[in-house]
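This briefing introduces a protein structure to a reader who has not met it before. Please keep the sequence and the model in view while reading the points below.

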Amino acid sequence: MKGTHRILAIIVIALISVGIANYSPKGWENRVGENVEPAKKPSLWGLTDPPVLQNVNWKEEGNVEMAMLPGNAGGELETQLRALGYYPVYANWSTCRWTIWRGKRAYYVGETDSGILIVRGNLRDVVEWASKTSKCGKPGLMTRVIGPSPEKALSYTVSLIGEALERDGKIAVPSEWDGKIPWNLANYSLKTGNVSILVLIYATEEQLDYARSLVEGKTLCTHALGYYDLIMLNGPPWDVSRAYNSIEGVFKVRETSCG
């Protein structure tokens, strides 16, 4: 068993080195041989910036850009940031409220008397700006947020897949996916025998449904740490069915399947 443990360790290490950049889905069925109607493309698909920020006026200040939103737009902005793969890394939610979100870029979102202040740029520059200007807590150990992210959900799901295959005497190794990959928040591919496996992470049910309508082959879905996971399997039918059953079993035992 030492060899399989080493393989699992390789998978986890590879996830870290690559940096991979609350629901009830209609999932878990076999899509082989089905004519699947294309789902409607979600508005929050393939974007870097939240749509609520499309028409704001940005002002450059050093290495960052600044803008204002009405005070009642904070909830919509947060929803859109999460759907596009952003997650909090620093926050003060006690006195004056502000949050720094990390994703394709970084966003500072802070409440002010005149509305919601938005600052965007790379993470280092946004953190530096907040450290210089914040009047109630600065980014650091005391304001750091330890929580879910697309990458953590991906790592957790891949670990469970490795565990499932190991239980049935199969070995999984990192690999390249030979095919198209839909837009996603994070992804990772591996291979066991003749079966290639691709894991895609999404934030909303609409994103998951649309992604499933774009792909062919056998798929199943799970949920991990507040995200939707789409798992695709490709290879000889018999080998795919065996791998599918192994993976499905461990997720059902842990009550994380979408079915």
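**Cysteines and aromatic contacts**

Cysteine 96 has a relative accessibility of 32% and therefore counts as partly exposed. The model is a predicted one. A search of the whole structure finds 1 disulfide, and cysteine 96 belongs to it together with cysteine 136. The search for aromatic contacts finds 6 aromatic pairs in the whole structure.

**The disulfide**

- The sulfur atoms of cysteine 96 and cysteine 136 are 1.3 Å apart in the model.
- The link between cysteine 96 and cysteine 136 is left-handed, with -60° about the S-S bond.
- Cysteine 96 is in the loop between strand S3 (87–92) and strand S4 (98–102), while cysteine 136 is in the loop between helix H3 (123–133) and helix H4 (150–167), so the disulfide ties together parts that are 40 residues apart in sequence.
- Cysteine 136 has a relative accessibility of 12% and is therefore classed as buried.

**Another cysteine**

- Cysteine 221 has a relative accessible area of 0% and is buried.

**The aromatic cluster**

- One aromatic cluster is formed by Trp45, Trp183, Tyr202 and Tyr210.
- Among the 6 aromatic pairs is that of tryptophan 45 and tyrosine 202, which is stacked because the ring centres are 5.8 Å apart and the planes lie at 10°.
- This stacked pair links distant parts of the chain, 157 residues apart: tryptophan 45 is in the loop between helix H1 (2–18) and strand S1 (59–61), and tyrosine 202 is in strand S9 (residues 195–202).
- Tryptophan 45 is buried, its relative accessible area being 10%, and tyrosine 202 also counts as buried, at 0% relative accessibility.
- Tryptophan 45 also pairs with tyrosine 210; here the ring centres are 4.8 Å apart and the planes are at 90°, so the arrangement is edge-to-face.
- The pair of tryptophan 45 and tyrosine 210 again links distant parts of the chain, 165 residues apart, with tyrosine 210 placed in helix H5 (residues 205–214).
- Tyrosine 210 is buried as well, with 13% relative accessibility.

**Charges over rings**

- Arginine 120 has its charged end over the ring of tryptophan 58, at 3.8 Å from the ring centre.
- Lysine 218 is positioned over the face of tyrosine 244, 4.6 Å from the centre of that ring.

How values were computed: Residues numbered from 1 in each chain as written. Predicted model: local features only at pLDDT ≥ 70, side-chain atom pairs only at ≥ 80, totals over all residues. Heavy atoms only, no water. Disulfide = S-S within 2.5 Å. Helix = DSSP H or I, 4+ residues; strand = E, 2+ residues; numbered from the N terminus. Buried < 20%, exposed > 50% of the residue type's maximum accessible area, 1.4 Å probe, protein only. Phe/Tyr/Trp six-rings, centres within 6.5 Å; stacked < 30°, edge-to-face > 60°. Lys NZ or Arg CZ within 6 Å of the ring centre and 35° of its normal.
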